[in-house]
Amino acid sequence: MINLVVTNLHKRFGGLHVLKGVSFEINGPELIGLIGPNGAGKTTLTNVLDGAIKPNSGTVYLNGERIDQLQPYQVALAGLGRTFQVTRSFRRMTVLENLYVPALAMGREPDRAYIHGKAMEVLEFLTMDHLRNEFAQALSGGQQKLLELGRLLMLNPDVIILDEPFAGVHPRLMEIIYDYIRRVNDEGKAIIIISHQMDSIFSLSRRLLVLNYGDLIADGPPEEVKNDPAVIEAYLGAEEGEDEEAPA
Ligand SMILES: Nc1ncnc2c1ncn2[C@@H]1O[C@H](COP(=O)(O)OP(=O)(O)O)[C@@H](O)[C@H]1O
Ligand SMILES: [Mg+2]
């Protein structure tokens, strides 16, 4: 049974206190939305969870194993994978080769025929089979996002964090990403979706976490969280700030 336990995470960048004691737990194949204003610390939390940065204090356990001091590849091996807000593919490798890399590097399934078969399955699922021999750099922004989702599947993680998967994505690709999330969740994986697109978050997730400048101010069913006064205030405050014109 999937179990992620995040306890009292603090992260400071110099004087900037970005995570102020974040705690939550995931049990089983949950589908969770993580929302919060720009700069709230959502990506930083993701970076701490996947081992890219170390917290100043606090712990993260995945399926009983402590992962907060591990390197990203070790965290991936332990079963947690993430996508990036800005996609990162191997631009001069083909789509298919991009899918081979994580599986080969992990050594989880060293059987190359198996890896090829799995990559072809992933491509078919993402409706990208016709692109398999294209260089990654030739893909559109949306297709790069799909490729990154595909690379994640090659790792077969228990917990998946998607950092802004819908940002800048064409409506047709949006449908594919929706299907991906639902299907991968049905297959028993826990998924955290970070997004500003409330319609998507509300239609997909069954639990919402709200991060507001380093504090987790709400954690519960979307309908409840939506009406939480602290959440409403955090969002209204952010909108006012964004509406202000920058000084010339
Ligand atoms: N490596 C870093 N060094 C210094 N400050 C950072 C770094 N990464 C993020 N920050 C700051 O931390 C805050 C939270 O950023 P981030 O986690 O990207 O927010 P979100 O993803 O919620 O928009 C922002 O003020 C950002 O400028
Ligand atoms: Mg972010």
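Which residue in β2 is the bridge partner of Asn3? Read on to find out; please keep in mind that this is a predicted model.

## Strands β1, β2 and β4

The partner of Asn3 is Asn27, which belongs to β2. This pair sits in an antiparallel arrangement of β1 (residues 3-13) with β2 (residues 16-27), joined by nine bridges. The two strands make a hairpin, with two residues between them. In that turn you can find Gly14, whose phi is positive, at about 55°.

Strand β1 also pairs with β4 (residues 57-62), again running antiparallel, through five bridges. Here Thr7 has Thr59 of β4 as its bridge partner.

## Helix α4 and its ends

Now let us turn to a helix. With 14 residues, α4 (residues 112-125) reaches 20 Å from its first C-alpha to its last, close to the 20 Å expected at 1.5 Å a residue.

At the N-terminal end, Asp111 acts as a cap: one of its side-chain oxygens lies 3.0 Å from the backbone nitrogen of Ala113. Past the other end, just after α4, Thr127 takes a positive phi of about 50°.

## Two sides of α4

The buried residues of this helix are Ile115, Lys118, Ala119, Val122, Leu123 and Phe125. Looking down the axis of α4, you would see them fall within an arc of 160°, so they line one face of the helix. An α-helix has 3.6 residues a turn, so residues three or four places apart point the same way.

What covers the buried residues of α4? The cover includes α3 (95-106), α5 (141-154) and α6 (171-186). On the face turned away from the buried side, α4 carries the exposed residues Ala113, Glu121 and Glu124.

Note on methods: Residues numbered from 1 in each chain as written. Chains lettered and ligands numbered in written order. Predicted model: local features only at pLDDT ≥ 70, side-chain atom pairs only at ≥ 80, totals over all residues. Heavy atoms only, no water. Helix = DSSP H or I, 4+ residues; strand = E, 2+ residues; numbered from the N terminus. Expected span 1.5 Å × (residues − 1). Buried < 20%, exposed > 50% of the residue type's maximum accessible area, 1.4 Å probe, protein only. Arc of directions from axis to C-beta. Contact = heavy atoms within 4.5 Å. Polar contact = N/O pair within 3.5 Å; in protein donor to acceptor, adjacent residues only side chain to side chain. Pairing = 2+ DSSP bridges.
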